Amino acid sequence: MGKVVMYSSVSVDGFIADENDQPGPLFDWLSSGDVPLDDSGMLKVSQTSYDYTRPYWDEIGVTVVGRHVFDMTDGWDGKPPSGIAHVVVVTHRPAPEGWDPEAPFHFVEGVEAAVAKARELAGERTVEVAAGDVGGQVLAAGLIDEVRMDVVPVVFGAGKRYFGSVHAQHMLEDPDVALQGNRVLHLRYRVRR
């Protein structure tokens with residue numbers, strides 16, 4: 001069974017978006033280099049960022065997101081982002097009216113059920129959990145194996161927190177990866193059990 005990873009780009013002060021759900025410069029590192037990260041030609045990063053990010057992206061089989069992210073992205077028009085096979089949406093509401101039932105999106109109530117469904121779909125591949133409220137809930141449930149952060153040199157001061165509204169302490173191991181790219185610091189922590 002693959003690991004469960006919480007991931008996002010994040011400001012130095014721990015936010016994944018400002019108070020208006022805008023990422024500001026958090027994704028600028030994805031266009032700050034000269035090495036294509038995917039086939040779109042739009043994402044170009046430093047060689048260091050490519051060497052770290054591309055293998056991770058290739059491991060991901062399923063992404064778990066909250067309904068808020070799903071709604072903000074219009075469900076990626078029914079096509080999972082970045083070549084991911086499936087998206088599991090944590091929600092108390094059904095799929096939107098007119099949603100294509102053949103689209104590889106799964107609407108599940110509760111984070112435990114969402115992670116179980118994602119693990120089933122991912123098999124040996126990685127389950128990625130979007131940081132924020134849902135990611136924080138999955139961490140609080142003890143279901144996260146690893147935390148990955150792409151720390152961008154900006155201070156938001158307020159906004160949507162990386163760990164959502166987690167109210168308890170959770171210990172992480174020392175970072176086993178700390179790499180500097182262009183306008184980003186890639187960090188990886190294993191969750192202490």
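Helices (H or I, at least four residues) and strands (E, at least two) are DSSP runs here, and they are numbered from the N terminus.

## Basis of the description

This is a predicted model, in which local features need pLDDT of at least 70 and side-chain atom pairs count only at pLDDT 80 or more, while totals for chains, interfaces and linings use all residues. Residues are numbered from 1 along each chain as its sequence is written, and side-chain values use heavy atoms, with hydrogens and water left out.

## Annotated region

The unreviewed UniProt entry places the feature "domain: Bacterial bifunctional deaminase-reductase C-terminal" at residues 87-173; UniProt positions are given in the numbering used here, feature names are shortened, and annotations may be inferred rather than shown by experiment. Over residues 87-173 the chain is 23% helix and 25% strand, and the C-alpha atoms at the two ends are 28 Å apart.

## The sheet

Eight strands form an open sheet with mixed pairing, in the order S7-S6-S5-S8-S1-S9-S12-S11, where two strands pair if DSSP finds at least two bridges between them. At its edges are strand S7 (105-108) and strand S11 (177-181), each of which pairs on one side only. Neighbouring strands of this sheet are turned by 20 degrees against each other on average, direction ignored; axes are lines fitted to C-alpha atoms, for helices over the stretch in contact, and angles run from 0 to 180 degrees between N-to-C directions.

Edge strand S11 is joined to strand S12 (residues 184-190) by five bridges in the antiparallel sense, and Gln 180 has Leu 185 in S12 as its bridge partner. Elsewhere in the sheet, S5 runs parallel to S8, with four bridges between them, and Val 62 stands opposite Val 127 in S8. S5 also pairs with S6 in the parallel sense, over five bridges, and here Val 65 stands opposite Val 89 in S6. Seven of the seven residues of S5 are buried, so this strand is largely enclosed by the rest of the structure; buried means under 20% relative accessible area, exposed over 50%, and partly exposed in between (1.4 Å probe, protein chains only).

## Helices against the sheet

Helix H1 (residues 47-59) lies across strand S1 (4-11), strand S5 (60-66), strand S8 (126-130), strand S9 (146-152), S11 and S12, and runs at about 45 degrees to S12; contact means heavy atoms within 4.5 Å. Helix H4 (residues 133-140) lies across S1, S5, strand S6 (86-90) and S8, running at about 125 degrees to S8. The buried residues of H4 are Val 134, Gly 135, Gly 136, Val 138 and Leu 139, and what covers them includes S1, S5, S6, H3 and S8. After H4 comes Gly 142, whose phi is positive, near 75 degrees.

The 12 residues of helix H3 (residues 111-122) should span 16 Å at 1.5 Å a residue, and the end C-alpha atoms are 16 Å apart, which agrees; the expected span is 1.5 Å times one less than the number of residues. In H3, Val 111, Ala 114, Val 115, Ala 118 and Ala 122 are buried. They cover an arc of only 95 degrees around the axis, which puts them on the same side of H3, the arc being that of the directions from the helix axis to the C-beta atoms. These buried residues of H3 pack against S1, S5, S6, S7, S8 and H4, whereas the face turned away from the buried side carries the exposed residues Glu 112 and Glu 120. Just after H3, Gly 123 takes a positive phi of about 60 degrees.

## The loop between H2 and S6

Asp 74 lies in the loop between helix H2 (67-72) and S6, and Trp 76 lies in the loop between H2 and S6 as well. Asp 74 has a positive phi of about 55 degrees although it is not a glycine, and Trp 76, also not a glycine, has a positive phi of about 50 degrees. Asp 74 is exposed, with a relative accessible area of 56%, while Trp 76 is partly exposed, at 23%. From C-alpha to C-alpha, Asp 74 and Gln 180 are 33 Å apart in space, with their positions 106 residues apart in sequence.
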